[in-house]
Amino acid sequence: DTPPASPTAPVRFESDWRAYDVGLNYDQGPFSAGLGYSKDDKRGGLVANDFNDKVQLAVGYNFTVVNTYAVVGRDRYAGTGTTRSQVRYWLAGFTVPFGTAHQITANYMERDVQTDRAGRLKKFQIGYGYNLSKRTMPYVFFDREDLNSNVRGNRVTTYGAGIKHLF
């Protein structure tokens, strides 16, 4: 395949798209933190509502009886007159291990809706996991999501189950 003759031609090939990611992590004792940055570029530049870049900070502290964590971030888009150029979000949660193999995890998240300047996504999750071994954990979860606080009747409830296995 021959690439488009014009650098402003639309994306047609994998080589027309570039993604850059960089991150730093710190993990010492019970405290952990991470900072990341990501950017997308494509031939011809961004069009309306395309993702541009992201910065995200995560922190965690393990109190032994509860492991807490939080994430804050900002995504930037090629916004329009009716959509957001910046989307801010945060998430906070915890995991409580109990017994020799059980754990409960819960978190809450809020995020600006990129396509609705007045909207916020709100999400609550809770789950239970049982460690069969150091590497295998079946789990169940409940997820309640309001996709856009500015739109009535768009809540989504999900129940699920799965198995996490570390290779």
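**A pocket and a nonpolar patch**

The largest pocket has a volume of about 150 Å³. The model it belongs to is predicted. Rolling a probe the size of a water molecule over the atoms is what reveals the empty space that is left.

Start with the walls of this pocket. Its lining is made of Gln103, Thr105, Gly127, Tyr128, Gly129, Met137, Tyr139, Val140, Phe141 and Lys164. Three strands each supply at least two of the lining residues: β6 (102-112), β7 (120-130) and β8 (136-146). Of the elements, β8 gives the most, with four residues. Sorted by class, the lining has five nonpolar, four polar and one charged residues.

Now turn to the surface. Here a nonpolar patch of about 1000 Å² is formed. Its members are Leu24, Tyr26, Phe31, Leu35, Leu57, Val59, Tyr61, Phe63, Val65, Val72 and Trp90. The elements that give two or more residues to the patch are β1 (17-28), β2 (31-42) and β3 (51-62). The largest share comes from β3, with three residues.

One patch member deserves a closer look. Val72 sits in strand β4, which spans residues 67-77. Is Val72 buried, partly exposed or exposed? Its relative accessibility is 42%, so Val72 counts as partly exposed. The partly exposed class lies between the buried limit of under 20% and the exposed limit of over 50%. Patch residues need over 30% relative accessible area, and Val72, at 42%, is listed in the nonpolar patch.

Conventions
Residues are numbered from 1 along each chain as its sequence is written. This is a predicted model: local features need pLDDT of at least 70, side-chain atom pairs count only at pLDDT 80 or more; totals for chains, interfaces and linings use all residues. Side-chain values use heavy atoms; hydrogens and water are left out. On a 1 Å grid over the protein atoms alone, a cavity is a set of points where a 1.4 Å probe fits but cannot get out, and a pocket is an open set with protein on both sides within 12 Å along at least five of seven lines; lining residues have an atom within 4 Å of a point. Grid points are joined across faces, edges and corners, and a volume is the space filled by probe spheres set on the points. Ala, Val, Leu, Ile, Met, Phe, Trp, Tyr, Cys and Pro count as nonpolar, Asp, Glu, Lys and Arg as charged, and the others, Gly among them, as polar. Patches are made of residues with over 30% relative accessible area and no salt bridge: like charges are joined within 9 Å, nonpolar side chains (Val, Leu, Ile, Met, Phe, Trp, Tyr) within 5 Å. Accessible areas come from the Shrake-Rupley method with a 1.4 Å probe; for residues, only the protein chains shown count as cover. A salt bridge is a side-chain nitrogen of Lys or Arg within 4 Å of a carboxyl oxygen of Asp or Glu. Buried means under 20% relative accessible area, exposed over 50%, partly exposed in between (1.4 Å probe, protein chains only).
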